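Visitor: Could you pick one part of this model and take me through it closely?

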Amino acid sequence: MTETKPWVHSPVVGAQPRQRRDPESAWVVDAYQTHFRSTWALVGRLGVPPSHIEDVVQEVFLVLHRRRADFRNESSVQTWLHGIALRVARRHRTRVRRGQTDPLPAEAPAKTPSIESAVHGRASLARLDALLSELPQEQREVFVLAEVAQLRAPEIAQVMGTKLNTVYSRLRLARSRMKASLDALQKAEGGTHGAA
Amino acid sequence: MEPLDPELRQLIDDGLTAAAPERGAESRGLESLLAHIDTPPLTPTVPAAPILGKLALVIATVVVTGGTWIANRPASVPVVGADTPAAIERQDPPKAKPSAHPPTPSTPVPPQQPTNPVTPAAEKAPRPRPEPHRPAPATRKADPPAPSTTADALRAEADLIARAESALNRDKPKEALALCDFHRTGFDAPQLTTERKAIAASAACMVKQTDTELATAFVRAHPRSALATKVRQRCGLVSDDETSQGQ
């Protein structure tokens, strides 16, 4: 959980503020440039439909902008931002369920260096999302915050407003279910391939 | 906590390599964010408007956003009721009534900020219900919450929509999109969603000519409205009438 992954901190290359800004605005822009990609990956794993991710990520940073005065240095910007992302994603899922979202165009395919890596990466992502979708929502959120956003358990407890023991319990259950689902999937695929 | 199962770890790592944002998404988002940051604040407090004042605001906004659709309706169709902007909006997926739609407890409610066009009270305001054909009696009891918050929200909405429309007219679709985004996220129960969707649809295809999906969806949903006519014009879409005439 401590290893830093390339998608966790990938500042947006070439994106610079257009003008000199006040410190608070500059802080928001800096947070955007630092955490855009990790927020994108996080929101997608929290069950937001792919074609809505851009919209939801934008909303996350708008909330960050509106609430910047509330930020205290009790947690890192990343942890605070992930808390916002968690709530915005929850709200968006609710709106999707109620059919309250605007129609959005499908997400354009991402450009990747090679076909092989793209196919492999997308297949893995589809499989990961399929496994995540089988988890109960609370377990999914804890799992994603721990394994995708790489937050520590106390940070997750803070973000979710739950007890630390609850976080550990949910994470343990989520890992167990994910592993069982992955094994079952691999077994089924092995059987399919064998039959073919 | 013990480490994650290696196969699961590998799956997550491999999968996340494909979870990269679409090309251009970062810069689009940053543009939009900067537009919000740079947007001058609206008047933080406005005096309470009477019900008829709210109606005038809605009508003014519809006119500003090109909503001359009433004139295009068949004469046999009554103007009030089914064809009001509120009725058009009701064609959208159903939304919870204001009373049954409290702010989500887990949703952070933004505090009042200098750059926020909507006061916190306005963000919590339920959807106002302008009823053009039924003037409010002077002694009508105030709806909870206070009418002033509803009026504030509606006024702020109308201002945002007007500014978004103005941005389109100044050939600044990205600014219009940013304002639409602000309208979409800044109000708990927005009233002028149809107008916003029309502007967003036009702006999307003005940013990228081939991006006409939103416009097509809007025109399909509101085929006879003047807003749709405007979207067609801005996006270069051919109307069904023109198509049938050409055949």
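Guide: Here's a close look at one helix, with the rest of the chain around it. First, the ground rules: this is a predicted model, where local features need pLDDT of at least 70, side-chain atom pairs count only at pLDDT 80 or more, and totals for chains, interfaces and linings use all residues. Residues are numbered from 1 along each chain as its sequence is written, while chains are lettered from A and ligands numbered from 1 in the order in which they are written.

Our part is helix H2 of chain A, residues 53–66. Helices here are DSSP runs of H or I with at least four residues, strands are E runs of at least two, and both are numbered from the N terminus. H2(A) has 14 residues and reaches 20 Å from first C-alpha to last, close to the expected 20 Å; that expected span is 1.5 Å times one less than the number of residues.

Now, the surroundings. A residue is buried if 20 or more other C-beta atoms, placed from the backbone, lie within 10 Å of its own (exposed: 12 or fewer; partly exposed: in between). For H2(A), 14 of the 14 residues are buried, so the rest of the structure largely encloses this helix. Across chain A, buried residues make up 37% of 196. The chain has seven helices and zero strands.

How far to trust it? Chain A averages a pLDDT (the predictor's confidence in each residue, from 0 to 100) of 79, with 75% of residues scoring at least 70. Among its elements, H4(A) has the lowest mean, 81, and H5(A) the highest, 94.
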